[in-house]
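Please walk through this structure from its core outward. The account takes up the nonpolar core, then the chain as a whole, then one helix and one loop residue.

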Amino acid sequence: MNKLFYFFRLSRAEQKGFFVLLVLIGLMTFSPIVWNLIHTSPSVSYQLHIFEDDKTVQSYTEIEKQESLDPGSTYYSSKATPLNAVTYFEFDPNQLKAEGWEKLGFKAYQIRMILNYTAKGGKFYKKEDLRKIYAIKEADYQRIEAYIRIPRTPSADHNSTAETSAPYPKMYQNTVKTAVIDINTADTTAWMSLKGIGPSFARRIVRFRDALGGFYSIQQINEVYGMDAERYKTIESSLGVVSTDIRQLELNTLTAAELARHPYINYKQATAIANYRREHGNYKNINDLKAVLLLDEEFLRKLEPYLKF
């Protein structure tokens with residue numbers, strides 16, 4: 001050890017500090033081992049009691065601390081504490097109140113989402129429609145499926161086609177099916193009722209719609225960032241354009257910066273539109289825009305419903 005100190009040229013004080021450091025390292029290394037040897041945690045035993053009949057499932061869990069009354073003996077209490085009770089009964093999801101959903105074992109946030117859906121005009125036409133509620137997990141649906149009773153009405157065939165006319169050129173008019181939601185008025189709660197649409201995605205759809213000024217076709221949902229073909233196919237039959245109140249752009253008065261705020265118009269295109277208007281006068285119709293070099297046919301087709309001359 002002296003050779004080590006001599007090699008590193010440690011002073012007397014530094015040598016003492018070295019020994020103190022060794023002692024501290026030893027204490028930190030071995031103290032947990034010593035603690036585990038002299039201290040033992042009491043063990044906990046679990047018993048599960050399940051009582052089940054055709055209508056009610058009640059789960060009871062008994063957790064008892066193991067106490068040593070005599071060496072080698074164990075005491076277990078026979079008292080069970082009920083944690084949850086789920087009652088099953090036949091119900092119509094269109095009429096069921098919050099208390100009923102709670103008896104079926106649904107949580108507060110699930111009940112809130114279901115009731116928001118029905119309060120806004122949403123309707124369940126068949127059992128499988130409950131799967132469209134984002135908050136209802138597949139396991140929840142499976143356990144209540146046998147108890148769902150939805151009266152059949154003439155309106156149950158919600159796939160019937162209803163023609164609606166739009167104040168746009170024929171190429172933009174849609175044959176709209178009676179849908180679960182109107183994509184131009186649905187709020188985030190309505191969007192979240194669709195399978196595969198969560199809170200963040202619902203907000204993204206609404207923000208995109210507000211930036212556009214409204215949708216004129218359900219196919220525009222495909223343009224929302226993150227929307228893939230599989231997700232769109234899942235929700236397509238539940239979408240429709242009922243309200244056609246599109247917010248249009250005052251093409252002859254807006255500046256380039258204001259035009260560029262629209263999702264379909266980039267800054268170069270907006271600048272070209274404003275410059276051409278300044279040099280040649282106001283635009284009278286869509287054909288005038290074809291003279292602007294940066295605007296192709298596909299761009300004009302998408303943008304036309306949003307233009308006001």
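In this predicted model, the largest nonpolar core has 67 residues. Those with the most contacts inside this core are Trp-101, Trp-191, Ile-197, Ile-221, Leu-239 and Leu-289. Helix H7, which covers residues 199-212, gives the most to the core, with six residues. The surroundings of Leu-289 can be listed in detail. Leaving aside residues up to four places away in sequence, Leu-289 touches Leu-251, Ile-273, Tyr-283, Leu-295, Leu-300, Leu-307 and Phe-309.

The wider setting of this core is the protein chain, with its twelve helices and seven strands. Of the 309 residues in the chain, 34% are buried. Among contacts with a separation of 6 or more, 52% are between residues 24 or more positions apart. The accessible surface of the protein chain is about 20,100 Å², and carbon and sulfur atoms account for 55% of that area.

Helix H4 can be followed from its length to its surroundings. H4 takes in residues 108-119, twelve residues in total. At 1.5 Å a residue H4 should span 16 Å, and because its end C-alpha atoms are 16 Å apart, the model agrees with that expectation. Which residues of H4 are buried? They are Gln-110, Ile-111, Met-113, Ile-114 and Tyr-117. Seen down the axis of H4, these buried residues fall within an arc of 165°, so they line one face of the helix. On the other side of H4, Ala-108 and Ala-119 are exposed. The cover over the buried residues of H4 includes three helices: H3 (98-103), H5 (138-144) and H6 (188-192). Just after H4 comes Gly-121, with a positive phi of about 100°.

The last stop is a loop residue. Val-242 sits in the loop between strand S5 (239-240) and strand S6 (249-250). Is Val-242 buried or exposed? The cut-off for exposed is over 50% relative accessible area, and Val-242 counts as exposed because its relative accessibility is 59%. How far apart in space are Val-242 and Tyr-216? From C-alpha to C-alpha they are 9.5 Å apart, with their places 26 residues apart in sequence as the separation.

Conventions
Residues numbered from 1 in each chain as written. Predicted model: local features only at pLDDT ≥ 70, side-chain atom pairs only at ≥ 80, totals over all residues. Heavy atoms only, no water. Core = buried A, V, L, I, M, F, W, Y, C linked by side-chain atoms within 4.5 Å. Buried < 20%, exposed > 50% of the residue type's maximum accessible area, 1.4 Å probe, protein only. Helix = DSSP H or I, 4+ residues; strand = E, 2+ residues; numbered from the N terminus. Contact = heavy atoms within 4.5 Å. Areas by Shrake-Rupley, 256 points an atom, 1.4 Å probe, with all protein chains shown as cover. Expected span 1.5 Å × (residues − 1). Arc of directions from axis to C-beta.
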